[in-house]
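Visitor: Please take me through one part of this structure in detail. I am new to it, and I would like to look at the charged side chains that pair up.

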Amino acid sequence: MLLLSALREVPPRLALHLPAHGRGRGLAPGLRQLLRRRSGAWDLPELPEIGGPLEPAGAVGEDQAACARLSGADRCWFGVNGASGMLQVALLALARPGERVLLPRNLHRSLLHACVLGGLRPVLFDLPFDPATGLWLPPSPAWLQQRLEQAPPLAALVLVHPTYQGLAGDLQGLISVAHRRSLPVLVDEAHGAHFGQPGLPMEALAAGADLVVQSLHKSAAGLAQSAALLLRRGRVSEEAVERALLWLQTSSPSALLLASASAAIEHRHSAAGARILARALTRAGRLRQALARASLPLVANQDPLRLVFHGAALGINGLAADAWLLQRGVIAELPEPGCLTFCLGECPPRSVLTVLPASLSQLRRALGGAALPPFTPPPIPALMEPELALGEAWRLPQQAVPLEQSLSRLVAEPICPYPPGIPLLIPGERIDAPRLEWLLEQRHLWPGQIADTVMVVA
């Protein structure tokens, strides 16, 4: 079969993409030992001694309690459907059908799916925009305060910390603004499970978050799809979380992925894990120095393990840079018109110190030129609630229309020029003239991302 062959025969390359374990180099030691055992011996059901995420008895329950203590949480649940599944669980635990939840425009689309499943009403707020890079920036507490003053009654707030590109703001200040209004806060910390260690920003729980979702393959030493949901008591019902887990989590979770979640969290808080992270941060610092010596520009961010090459400063579209590097065996994680993001992960290879500066220098000679003009921010309102209920827009008959002819139509599917699914328009929103014009102008910057047709309500 093709997939089995592909997994066996992936050639050696400079892999600077997720998962963060770097093709096994950075896996948690206990997990690595388990995977060396006879193949498939670890693929077990919920035997009494193993248990499951919703069972207090058994190894899973005991490990969840231990990981909660390590993380400074009151409760911890392991997930096997990635951060996506845990974000949905968390949001359904925070709000009842018909209630509004405030979401940032850089939300992951899984939260929209949760709104459909729970009959929730999303209210989206805009974010600061950097024209030099084309990136969304974290909001300030004052920015959030202004949006909350304009918002209708809300049940909860969601924040992203950090962004995919490793940008992190004043999370503690943002949470304080929400808590003063008695709003519980869910933090999407999918890319920040390693935060809170020396040299890194504060983690979401220490900043006061009520619920935190971590993806343990994006920023820790776990396998893909392993995730954790952490809870701080006081504003969120533990019973509501477990009811949502019962509805949304598989009844046959992978014992391997549950063990991966446990091992990744334990490793992150161990002395050995701290040494490995410190070594990764040191190597990341040396790499940044090498790139600076070569006059290769980087975007300033708060996560040293997310390296964001500022291609626009050299006249290079990040998507073109990604394609050029891919042909030469350097695999990045996230291309965007202004930038190209590399994930250094738990154990950056030594070769990155020489290969990446050399490759980016060759890229500059091959594709570089005058700096790209500033990027135009998308014309997004400060606050926007869909005109038609999200679930209704998703369920109604749809039709595809050319983008040029979509003005004033109600969107039936998200329009997401931004990977990995950040929506400019969500189902139920009406395509207005400013956003349509922006999409038409931006198509040349996002080849393959902005389609020629859009799905609208028929």
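Guide: A salt bridge here is a side-chain nitrogen of Lys or Arg within 4 Å of a carboxyl oxygen of Asp or Glu. Keep in mind that this is a predicted model. By that rule, the count comes to 14 salt bridges.

Start with a network. Salt bridges link D74, R75, R233, E238 and E242. Look at one pair inside this network: E238 and R75 form a salt bridge, with their closest N and O atoms 2.9 Å apart. The two residues sit in distant parts of the chain. E238 belongs to helix α8, R75 to strand β2 (residues 75-79), and 163 residues separate them. Their surroundings can be put in numbers. Buried means under 20% relative accessible area. E238 has 16%, so E238 counts as buried. R75 has 23% and is partly exposed.

Helix α8 has another role. Residues 238-248 make up α8, and this helix supplies at least two residues of the lining of the second largest pocket. In fact, α8 gives the most to that lining, with 5 residues. Helices α4 (82-94) and α5 (110-118) also supply at least two residues each. The pocket holds about 320 Å³ of space. Its lining has 13 residues, and the closest to the centre are L92, A93, A95, A240 and A244. By class, the lining has 10 nonpolar, 1 polar and 2 charged residues.

Now go to a second pair. R105 and E429 meet through their side chains in a salt bridge, 3.1 Å from N to O. R105 lies in the loop between β3 and α5, while E429 lies in the loop between β16 (398-402) and α14 (433-442). The pair therefore ties together parts that are 324 residues apart in sequence. R105 is buried, with a relative accessible area of 1%. E429 is buried too, at 2%.

A third pair is D432 with R435. Their closest N and O atoms are 3.0 Å apart in this salt bridge. D432 is partly exposed, with a relative accessible area of 24%. R435, by contrast, is buried, at 0%.

One last stop follows from β3, the strand that borders the loop of R105. Strand β3 (residues 100-104) pairs with β7 in the parallel sense, over 2 bridges. There, V101 has A156 of β7 as its bridge partner. Strand β7 (residues 156-160) is mostly covered, with 4 of its 5 residues buried.

Notes:
Residues are numbered from 1 along each chain as its sequence is written. This is a predicted model: local features need pLDDT of at least 70, side-chain atom pairs count only at pLDDT 80 or more; totals for chains, interfaces and linings use all residues. Side-chain values use heavy atoms; hydrogens and water are left out. Buried means under 20% relative accessible area, exposed over 50%, partly exposed in between (1.4 Å probe, protein chains only). Two strands pair if DSSP finds at least two bridges between them. On a 1 Å grid over the protein atoms alone, a cavity is a set of points where a 1.4 Å probe fits but cannot get out, and a pocket is an open set with protein on both sides within 12 Å along at least five of seven lines; lining residues have an atom within 4 Å of a point. Grid points are joined across faces, edges and corners, and a volume is the space filled by probe spheres set on the points. Ala, Val, Leu, Ile, Met, Phe, Trp, Tyr, Cys and Pro count as nonpolar, Asp, Glu, Lys and Arg as charged, and the others, Gly among them, as polar.
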